[in-house]
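Me: I would like to understand how words such as "buried" are earned in a structure like this one. Could you take me through the reasoning step by step?

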Amino acid sequence: MVTAVIAIHGGAGAITRAAMSAEKEQQYRQALTHIVTRGQQMLAQGASALDTVTEAVRLLEECPLFNAGKGAVFTHRGTHELDASVMDGRTLEVGAVAGVTRIRNPVLAARAVLETSPHVLFIGAGAEQFALSQGIEQVEPDFFSTPERWEQLQRALNSDQLVLDHDGEAQSHSDDPLNPDHKFGTVGAVALDSNGNLAAATSTGGMTNKQAGRVGDSPLPGAGCYAANDSVAVSCTGTGEVFIRTLAAYDVAAQMRYGARSLQQATVSVIHDKVLEMGGSGGLIAIDHAGNVALPFNSEGMYRGFARVGEAVEVAIYRES
């Protein structure tokens, strides 16, 4: 029997401490603690890693503090396009959806693809039709909208930029501890259950002011999400195009599997060497088959938390000095 463990992330980006209120930071820490605790409780009760990461990401999608589900960012057209994926390390089965606009919890649709379809990835209207056939809740597109995300889009449109750059000046429009105009809001979870099974799930609203139809790394197995029992479970957040080009999530597993690297060595190589060398920014969360946890990022901060069964929950936002 191994000690079960869960880790989650809620996006990475530039720190704006000067614009942060203690109240807002507390909201983020409470949300992270609540979701990690829920996953810890599930694992303690014998839940599978797959069920645990699905529920953790569903809760992240329900929280408007994060850029997934409710509170997702807007495309340049003022719409929402959501992506998600789930991978079972025991079987290597994967389910994913991309570009959906009406599915309340894209991670549940991804899970349904994994469990009931011979396919791996559904997009757009086809994904929504599949989800509807599985009884998954659908909502009006404006369900995902929040005033904060709309203001974020207007600033991006006024500056005629795609919001990706983490090097911009801190904005004074928000007391978000991570600059909302310079953060990657993907959410994710990874877990190891008491039977030694690994799983990973990732979900996102994408990038503010992204071109309609753009798909990033989050729904792509091996890029934004990967899990295999012989190595590691990984969920990524960052410059999606770079994470796709480097196959970041799978590269962690490959370095461990074929290069005999430790979890720490592999994750540092991917985030601080390969991704950074290609101009990418962000981070990942990972748990290996022995229960080791890694939460590396090359940006100023990353919402993150983890807990082993029977131990205290740990959450953090900023870079540790």
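Reply: Let us begin with a definition: a residue is buried when its relative accessible area is under 20%, exposed when it is over 50%, and partly exposed in between, with a 1.4 Å probe and protein chains only. This is a predicted model, in which local features need pLDDT of at least 70, side-chain atom pairs count only at pLDDT 80 or more, and totals for chains, interfaces and linings use all residues. Residues are numbered from 1 along each chain as its sequence is written, and side-chain values use heavy atoms, with hydrogens and water left out.

Me: Why does Ala14 count as buried?

Reply: Ala14, which lies in strand E1 (residues 5-15), has a relative accessibility of 8%, and because the cut-off is under 20%, Ala14 counts as buried. Helices (H or I, at least four residues) and strands (E, at least two) are DSSP runs, numbered from the N terminus, and the protein has 8 helices and 13 strands.

Me: What makes H2 largely enclosed by the rest of the structure?

Reply: Of the 14 residues of H2, 11 are buried, so this helix is largely enclosed by the rest of the structure. Among the buried residues of H2 are Leu50, Val53, Glu55, Val57 and Leu60. Across the protein, buried residues make up 60% of the 321 residues.

Me: How do you know that the span of H2 agrees with what is expected?

Reply: The expected span of a helix is 1.5 Å times one less than its number of residues. For H2 (residues 49-62) this gives 20 Å, and because its end C-alpha atoms are 20 Å apart, the two values agree. Helix H1 (residues 22-44), with 23 residues, reaches 32 Å from its first C-alpha to its last, close to the 33 Å expected. Among the buried residues of H1 are Tyr28, Leu32, Ile35 and Met42, and just after H1, Gly46 takes a positive phi of about 95 degrees.

Me: What makes the radius of gyration agree with that of a compact globule?

Reply: The radius of gyration is taken over C-alpha atoms, and the globule rule is 2.2 Å times the number of residues to the power 0.38. With 321 residues, the rule gives a value near 20 Å, and the protein has 18 Å, which agrees. Along its principal axes, the C-alpha trace spans about 55 × 50 × 35 Å.
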